[in-house]
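Thanks, everyone. I have one structure to go through today, and I will keep it short.

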Amino acid sequence: DRYLNARDADAANFGEVIMLREDATLSEVLEEEFHFNQHLRGDYAERRQEEMRLLREIDAQKYLLDVAKRYKIPRIETEQTKAALAMYEKELRGLGE
């Protein structure tokens, strides 16, 4: 918890380690599992660090939206995912400036 608090995060993935709070939401668990698999596959590894991070976040948010119905992700989490997706896409566009 101290590590997550220091980074103002509810969950995190560092290579082959997933960190979750005890009260992690369904979306957080699914997202970190998705990031874990991205790391194993090496998704966007050839890109600059920040671009890779944003592309991986965008893919993860799209994944959550795609599986929302299957996993019965609560509506509030889906709305947060939509907002996060828009934010990451905006940040990615900003890298091109």
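I will take the largest pocket and then the salt bridges. Please keep in mind that this is a predicted model.

The pocket, then. About 800 Å³ of space lies in the largest one. Its lining has 29 residues, and those closest to the centre are Ala11, Glu31, Glu32, His35 and Glu57. Two or more lining residues come from each of strand S1 (11–14), helix H2 (26–41), helix H3 (49–67) and helix H4 (75–95). By class, the lining has eight nonpolar, 11 polar and 10 charged residues.

Now the salt bridges. The structure has eight of them; I will show three.

Asp1 pairs with Arg21, with the closest N and O atoms 3.5 Å apart. This pair links distant parts of the chain: Asp1 sits in the segment before helix H1 (2–6), and Arg21 in the loop between strand S2 (17–20) and H2, 20 residues apart. How buried or exposed are the two partners? Asp1 has 59% relative accessibility, so it counts as exposed, the cut-off being over 50%. Arg21 has 16%, which is under 20%, so Arg21 counts as buried.

Next, Arg41 and Asp43 form a salt bridge with a closest N and O distance of 2.7 Å. Asp43 counts as buried because its relative accessibility is 17%.

The third is Lys82 with Glu79, at 3.7 Å between the closest N and O atoms. Both residues lie in helix H4, three residues apart, about one turn of the helix. Lys82 is partly exposed at 43% relative accessibility, and Glu79 is partly exposed at 42%.

Finally, salt bridges with shared partners join Asp1, Asp10 and Arg21 into one network.

How values were computed. Residues are numbered from 1 along each chain as its sequence is written. This is a predicted model: local features need pLDDT of at least 70, side-chain atom pairs count only at pLDDT 80 or more; totals for chains, interfaces and linings use all residues. Side-chain values use heavy atoms; hydrogens and water are left out. On a 1 Å grid over the protein atoms alone, a cavity is a set of points where a 1.4 Å probe fits but cannot get out, and a pocket is an open set with protein on both sides within 12 Å along at least five of seven lines; lining residues have an atom within 4 Å of a point. Grid points are joined across faces, edges and corners, and a volume is the space filled by probe spheres set on the points. Helices (H or I, at least four residues) and strands (E, at least two) are DSSP runs, numbered from the N terminus. Ala, Val, Leu, Ile, Met, Phe, Trp, Tyr, Cys and Pro count as nonpolar, Asp, Glu, Lys and Arg as charged, and the others, Gly among them, as polar. A salt bridge is a side-chain nitrogen of Lys or Arg within 4 Å of a carboxyl oxygen of Asp or Glu. Buried means under 20% relative accessible area, exposed over 50%, partly exposed in between (1.4 Å probe, protein chains only).
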